[in-house]
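Work through the exercises below with the sequence and the model open beside you. Each one sets a task and then solves it step by step.

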Amino acid sequence: MIVVAVHTPSRLGRWLVSGPPLAYLIVFFALPSLIMVLASFRTPGEFGGLAPLIEEGKLDLNLESYARFFSESVYAQIFLKSFGYALLTTLFCITLAYPLASLIARSSRRYRDLLLLLVILPFWSNFLIRIYAWMILLGPNAALARTVNRVLAWFGHDPVPLLFSAFAVLVCLVYVHLPFMVLPLYANLEKHDQALLDAAQDLGANAWQRFWRITFPLSLPGVYAGAALVFIPAFGIFAIPDILGGPEDSLIGNVIKQQFLETRDWPFGSVLSIVLTVVALAFAGLAAWVARGNLRTPSSARGSRA
Amino acid sequence: MALLEIQNVTRRFGDFTAVDNVSIGIEAGEFFTLLGPSGCGKTTLLRMIAGFDLPDGGRILLKGEDLVDRPPERRPMRMVFQSYALFPHMTVEGNVAFPLQMAKTPASEISAKVEAALEDVRLTGFDKRYPHELSGGQRQRVAIGRALVTHPSVLLLDEPLAALDAKLREEMQIELINLQKEVGITFVYVTHDQTEALALSHRIAVMNKGRIEQLDVPSKIYGFPKTRFVADFIGHINLLSGSVSERQGGVITLAVEGLGPVRVTSASPISVGGAGTIALRPEKIRIQSSAPTDSPDNHYRGTVGDLLYMGDVTVYKVSIPGGTRIEALLANSQSGRAKFFEIGDAVEVSWPVDAGHLIEE
């Protein structure tokens, strides 16, 4: 038996290690969130910003911005639309990332690192530059739009613009978020035990049955992790619809940005932000809850309970 | 024709020949073991029988049908993997039902068949458990139950007991023997453990470097090893090499360097001057303080060099003045004392002429 000496770190040591990140989160995440929650109950200022918190000796807090959100259905519709875009992005990312991740997981060790590097390579250039690059790729004079419209012309269809459309927004959303799906899926698939697939085949399962009954269920924790990493940022994104979308493609992120920077209605912008956060957290919570149900068993045959 | 015919099967990996022109016929209902050290080709051969690998030469036939065009999922054989390979996301019931579902068994029959298979492997009541909630031995039984539930013609077992501790391994050995008798399915068993092979098998093929060194029943493999490799690999043995100095009737005298003339009964046609090795099991050697000098047996004087007291037996390594060391095994059953001799004691080792077995070189 191996005896491991367990060092109990001193209280001071623990605080020294965990203190700075904790302080960072308090100052730059918890406090701003609190300020935003407070702002959502305040009155907008006459020329933007916020009206004074204490007016004529009275504390000015009200639910008017919330009332507005729930009374005007246009905002719920935009939420629903954003949810739909985020969901579609997640589904496309799963569909595209799965074969890629399993290809990488099954390739020899020599190529694996190279392929992973290629997956994260886009991160080396600026996010906005990559979006602007899509403007060129999808532009009316680019080969893609010309080819598409030439094909449409054969069928007697009028030319369509690719840029400034829902299509452009979705393509770019998928493009930007794909690595966040590939990496957790790869991390999961790479750990799968080949013996399980051999056993399934030996027990009579064909290639599709082996995938559907063994590989896919065992990969679900990776799918859920990837889905959360894709869905949550895609839900609140504003840069992509701003640059590549038409006027119809505004998402909730754009509306929030508009409330703060253009309309300058900070309380209402705060309400929208809070609703976005709550919905995103609810989704992440749901994903974690579903994943736990499926995580009751470890991913290796010999694994023991964690 | 045997149930499973392996005909001149060869498998190469680059320059390395993993299985070299192997032919075996395995009968229906037989418990057949492929025994050998790691890298001898036994697992490669098993994987070719299962269909995970294809021979470069030769054929594998089941009931006369060449299996070359059948992928593993279409061979009526099941494999029990060394790691068990239980599906971690399915219960015991789900695991055992899996091959039935793959075989499109009507749903109404599945639960009864699962129940029966779990009863065969003594796991009734465990159907709702997940693999990680089971002990090693229980997982092993699930793997066997899952493999047997569709009543395959052949069960292939790849070192199935290697991951279990010694005591559990012995229990499982007895269970495997009984189970095999009960279900009457042909077992092809791969192991590197010679005791396990001797205990379980009807017949054993001892493999070395891709070839079969000897194929026989356990008692012949142990008692009459055909080659030096088999003698050395199976159990403990004294190997006395020399050249034939005399032939008289059925008794051959071998001049062994460092020991002297050793007589052994043998039907071998070996001629005087030929090289041979006498294989002699330690338990067939007597060890005494002194032996009657007019005995017809082989007897040599020496001193106890080392001894290993093992409880039920004691192993003595006796140094003969010529330089040879003879290993002798003495049961401690008749003694009130723990052991008979001490290191440094002068002893005489002896054995009858028919105790040894001559291997021609």
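**Exercise 1: a strand pair and its sheet**

In β12(B), the residue bridged to B:Glu246 is B:Thr253. This model is predicted, with local features needing pLDDT of at least 70 and side-chain atom pairs counting only at pLDDT 80 or more, while totals for chains, interfaces and linings use all residues. Residues are numbered from 1 along each chain as its sequence is written, chains are lettered from A and ligands numbered from 1 in the order in which they are written, and side-chain values use heavy atoms, with hydrogens and water left out.

Task: starting from this bridge, place β11(B) and β12(B) in their sheet, and find which strands stand at its edges.

Solution. Begin with the terms: strands (E, at least two residues) and helices (H or I, at least four residues) are DSSP runs numbered from the N terminus, and two strands pair if DSSP finds at least two bridges between them. Next, count the bridges: strand β11 (residues 238-248) and strand β12 (residues 251-256) of chain B run antiparallel and are joined by six bridges. Then widen the view to the open sheet of five strands in chain B, whose order is β13-β12-β11-β14-β20, with antiparallel pairing. At the edges stand β13 (260-265) and β20 (357-360) of chain B; each has a single partner strand, so one side of each is left without a neighbour in the sheet. From one strand to the next the twist averages 45 degrees, where axes are lines fitted to C-alpha atoms (for helices over the stretch in contact) and angles run from 0 to 180 degrees between N-to-C directions.

**Exercise 2: another open sheet in chain B**

Task: find the order of the sheet that contains β15 and β19 of chain B, and name the bridge partner of B:Ile287 in β19(B).

Solution. The strand order in this open sheet of five strands is β15-β19-β16-β17-β18 (chain B), and the pairing is antiparallel. Its edges are β15 (286-288) and β18 (325-331) of chain B, and each of these has a single partner strand, so one side of each lacks a neighbour in the sheet. Here the twist averages 45 degrees from one strand to the next. Between β15(B) and strand β19 (residues 346-351) of chain B, which run antiparallel, there are three bridges, and B:Ile287 has B:Val349 as its bridge partner in β19(B).

**Exercise 3: enclosed spaces**

Task: locate the cavities of 30 Å³ or more in the whole structure, and describe what lines each of them.

Solution. On a 1 Å grid over the protein atoms alone, a cavity is a set of points where a 1.4 Å probe fits but cannot get out, a pocket is an open set with protein on both sides within 12 Å along at least five of seven lines, and lining residues have an atom within 4 Å of a point. Grid points are joined across faces, edges and corners, and a volume is the space filled by probe spheres set on the points. The search finds two cavities of 30 Å³ or more.

The largest cavity holds about 50 Å³, and its lining includes B:Tyr222, B:Ile237, B:Arg281 and B:His357. The elements giving two or more residues to this lining are α7 (218-223) and β14 (275-280) of chain B. At least three lining residues come from each of domain 1 (4-232) and domain 2 (237-360) of chain B, with bounds from an automatic or database domain assignment.

The second largest cavity, of about 40 Å³, is lined by residues of both chains, among them A:Leu203, B:Met79 and B:Arg146. Its largest share, three residues, comes from α4(B).

**Exercise 4: the open pockets**

Task: which helices of chain A give the most to the linings of the largest and second largest pockets?

Solution. The largest pocket has a volume of about 450 Å³; of its 18 lining residues, those closest to its centre are A:Arg106, A:His192, A:Gln194, A:Leu197 and A:Thr215. The largest share of this lining, six residues, comes from α9(A).

The second largest pocket has a volume of about 330 Å³; of its 15 lining residues, the closest to its centre are A:Phe29, A:Ser33, A:Met36, A:Ser273 and A:Thr277. The most is given by α1(A), with six residues.
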